[in-house]
Amino acid sequence: MKTGILVIAEQLRGKLTDTTFEMLGIGREIATVLELPLHAVLLGKGSASLFSQLGAADSVFVLDGASLEMPTADAIAASITNLLNKKPATLILIPGTNIFLGVGPILSGRTEMPFVNFCKDLQIKDHAAILTCQLFGGKIFADIRLPENRGIVSIYPGSFSPEPGRSGRVPPVETIEVGREETKVTFKRFIEPEAGDVNITQQDVLVAVGRGIQSQDNLHLAEELATALGGAVCASRPVIDQGWLPLSRQVGKSGMIVKPKLYLALGISGAPEHTEGMKGAQLIISINTDPKAPIFNVSHYGVCQDVLEILPLLTEELKTQKVRG
Amino acid sequence: MNIITCLKMVPDVVEELEVGPDGKSLDTQWLRLRLSEPDEHALEQSLLLKEKHGGKVTVLAFEAPELEEALFTALAKGADRAIKFTGDFSGLGGPVAAQILSSFLRSNPQLLTADTLILTGSQAIDDLEGELSPCLAEKLGFPFIGVVTGIEFDPERKKAVVLKEFAGGLRGEFEVPIPAVLGIQAAEKPPRYVPVAKVRSAMKSMKIEPREVPRPDSLGRLPVEQLYKPEVAGMAEMIEGSPSEIAGRLVEILSKRALA
Ligand SMILES: Cc1cc2nc3c(=O)[nH]c(=O)nc-3n(C[C@H](O)[C@H](O)[C@H](O)COP(=O)(O)OP(=O)(O)OC[C@H]3O[C@@H](n4cnc5c(N)ncnc54)[C@H](O)[C@@H]3O)c2cc1C
Ligand SMILES: Nc1ncnc2c1ncn2[C@@H]1O[C@H](COP(=O)(O)O)[C@@H](O)[C@H]1O
């Protein structure tokens, strides 16, 4: 049986995620070089409207028996393991998202295919798949050569353009019975994000603070700057986890995706889970004492200084500027 | 409740990281380690559960530089026991660590009771081969759920109702039968602070229990071709000068774009 490359499509509340199209785009590229077929996998029946968007794949496998509503990691892994018995694959791309966290290691244990996490680039060199993974909060990259190009790869969201993965072509579909898998964890309900006092996704200007702001007592410095700029304050995860700002102000993987005209990153290291939420901003200016902070890799302007020192000066300067007109 | 918390030391990324002479691993000479951040939350969540439902918190860790201090800090915060696996574990991958932990737990039935809850951090920054928690759950035959930010334990029904984070602030509520393995992303409250004096007194009055474990045949690591620092794309234009010159220059940039 001819093996292929599988892209496991991800949907949230009936909508395919961008990561799905990113995986299809890069999957198509790899499949062409390796001369292998590319298949997309839809977990669960009743997703007819979804499969027609997966035309970048040669065909779509719809797994009957798998649950479409928020499946758990072991349930997803079980469905894919069963699929592999019928449709062997060498390379499996899965999304590196919170929904899929845990799927890779479980699937790897059950299939003995190696699992690779945090993949941000995939290239074929001399017929070998070379994966680039980002580790240590984006400070170090690791290149991995997959033996026999065989493995399960978790694709970090935002690593590839989703555009090449979108296609108007309607792909052939095959429904595959994978059996209803017993899972002990049951999904109960979604809990909507609390409506915050400000909707940070609607702001033109965001002043973002990270752990470098050091204490809650310093937050007013950011508030004052935001006021001077007519924007709002948002934050990285540690600031939210400390309870200094509400969850509705979090930017990143678990928080909000923002695309303001201006994003000022103050004392934020630039871990991939944070940049995932802000790298689409039109202008990014970062202040960080660490000249090697990964945030500078996604910024237009950088300042290597103590944010507590620059902040009041910047606010002051903006106010004087306004007075001068 | 019988709460087991797995702790792991990771490089402190606020420091400069250097690649070692082999080009495939970090240079450990100047490496400063700290407790993995999600583990601080796993520990906090364990202590909160103990305060609410009673029981014991046992922390488990593999020997690593600077680990002792982290373990004594955990004891000072309220953990009841700290067990350290001794041996050479450099380069140990999550899935193999899970194997060792599960055999240890299986051979210590007093740690694996009907009301056991195993809390780990959700995901570490060096997790190239995949998270330990789902692997541990598989090995023990326990249910698993990760990216957890809240736990409501129901002792009567032997169930936990947990919150899992998705994206955009959206969360899901799941029901998990106990015993279970939960990957904690954030505790319900920020991790508590413990004064150094209390850690010192824990060092005097409490013990870390060593358990020798032979180095596994395979560490289950992926073949790394090379490790390197990402090339700075040269994208950010760095602004230099005195703080007030910098502030002036920034306002200039903003004004040009009608943002100030
Ligand atoms: C599943 C998962 C989901 C996650 N979701 C999110 C998310 O939605 N959003 C998010 O942000 N993170 C998220 N994270 C966490 C993420 O990995 C990082 O830990 C986090 O973004 C780091 O926040 P930080 O940059 O504020 O802190 P740190 O990484 O600690 O960085 C602090 C920075 O401040 C600098 N600094 C210190 N003092 C000063 C000073 N005086 N002046 C200037 N600079 C200073 C330091 O050099 C450092 O670079 C997630 C992680 C996981 C595993
Ligand atoms: N070597 C280890 N020793 C103890 N706990 C570990 C180890 N590796 C992973 N863990 C636990 O598993 C969590 C996830 O880490 P990781 O598997 O590296 O993503 C950590 O936060 C720890 O709680």
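Here is a friendly exchange about the two ligand sites, the cavities and one lysine of this predicted model.

Biologist: Let's start with ligand 1. Which chains surround ligand 1?

Modeller: Around ligand 1 there are 28 residues, and the closest are A:Arg211, A:Ser236, A:Val251, A:Ser269 and A:Asn288. Those names carry the letter A, but the full shell draws on a second chain as well, so the site is shared. The chains are A and B.

Biologist: Which residue has a side-chain N or O atom 2.9 Å from a nitrogen atom of ligand 1?

Modeller: Some polar contacts of ligand 1 go to the backbone, so let's set those aside first, taking 3.5 Å as the limit for such a pair. A polar backbone atom of A:Gly267 is 3.1 Å from an oxygen atom of the ligand, and one of A:Val307 is 2.9 Å from a nitrogen atom. The side-chain partner of a ligand nitrogen, also listed at 2.9 Å, is A:Asp306.

Biologist: How much of the accessible area of ligand 1 does the protein cover?

Modeller: On its own, ligand 1 has 990 Å² of accessible area. Among the elements around it, α6 (237-241) and α7 (272-275) of chain A each give at least two residues to the shell. The share covered by the protein is 90%.

Biologist: And how many residues in the shell around ligand 1 are polar?

Modeller: The shell can be sorted by residue class, with 5 nonpolar and 6 charged members. The polar class, which includes Gly, has 17.

Biologist: Now for ligand 2. Which residue offers a side-chain N or O atom 2.8 Å from an oxygen atom of ligand 2?

Modeller: There are 13 residues around ligand 2, and B:Cys6, B:Lys8, B:Asp39, B:Asp127 and B:Leu132 come nearest. Backbone contacts are found too: polar backbone atoms of B:Gly121 and B:Ala124 each have a ligand oxygen 2.9 Å away. The side-chain contact at 2.8 Å comes from B:Asp127.

Biologist: What share of ligand 2 is covered by the protein?

Modeller: Taken alone, ligand 2 has 470 Å² of accessible area. Strands β1 (2-7) and β6 (116-121) of chain B each supply at least two residues of its shell, which divides into 5 nonpolar, 4 polar and 4 charged residues. The protein covers 96%.

Biologist: Let's turn to the empty spaces. Which element gives the largest share of the lining of the largest cavity?

Modeller: The structure holds 4 cavities of 30 Å³ or more, and about 140 Å³ of space lies in the largest. Of its 19 lining residues, the closest to the centre are A:Gly96, A:Leu101, A:Asn117, A:Ser154 and B:Gln123. In chain A, β6 (89-95), α4 (103-111) and β7 (115-125) give two or more residues to the lining. The largest share, 3 residues, comes from β7(A).

Biologist: How many charged residues line the largest cavity?

Modeller: Sorting the lining by class gives 8 nonpolar and 8 polar residues. The charged residues number 3.

Biologist: One last residue for me: is A:Lys322 buried or exposed?

Modeller: A:Lys322 sits in helix α8 (residues 307-324) of chain A. Its C-alpha atom is 9.0 Å from that of A:Ala228, a residue 94 positions away along the chain. The relative accessibility of A:Lys322 is 51%, and the cut-off is over 50%. Because of that value, A:Lys322 counts as exposed.

Key
Residues numbered from 1 in each chain as written. Chains lettered and ligands numbered in written order. Predicted model: local features only at pLDDT ≥ 70, side-chain atom pairs only at ≥ 80, totals over all residues. Heavy atoms only, no water. Near = heavy atom within 4 Å. Polar contact = N/O pair within 3.5 Å; in protein donor to acceptor, adjacent residues only side chain to side chain. Areas by Shrake-Rupley, 256 points an atom, 1.4 Å probe, with all protein chains shown as cover. Helix = DSSP H or I, 4+ residues; strand = E, 2+ residues; numbered from the N terminus. Buried < 20%, exposed > 50% of the residue type's maximum accessible area, 1.4 Å probe, protein only. 1 Å grid on protein atoms, 1.4 Å probe; cavity = no way out; pocket = protein on both sides within 12 Å on 5 of 7 lines; lining within 4 Å. Points joined across faces, edges and corners; volume = space filled by probe spheres on them.
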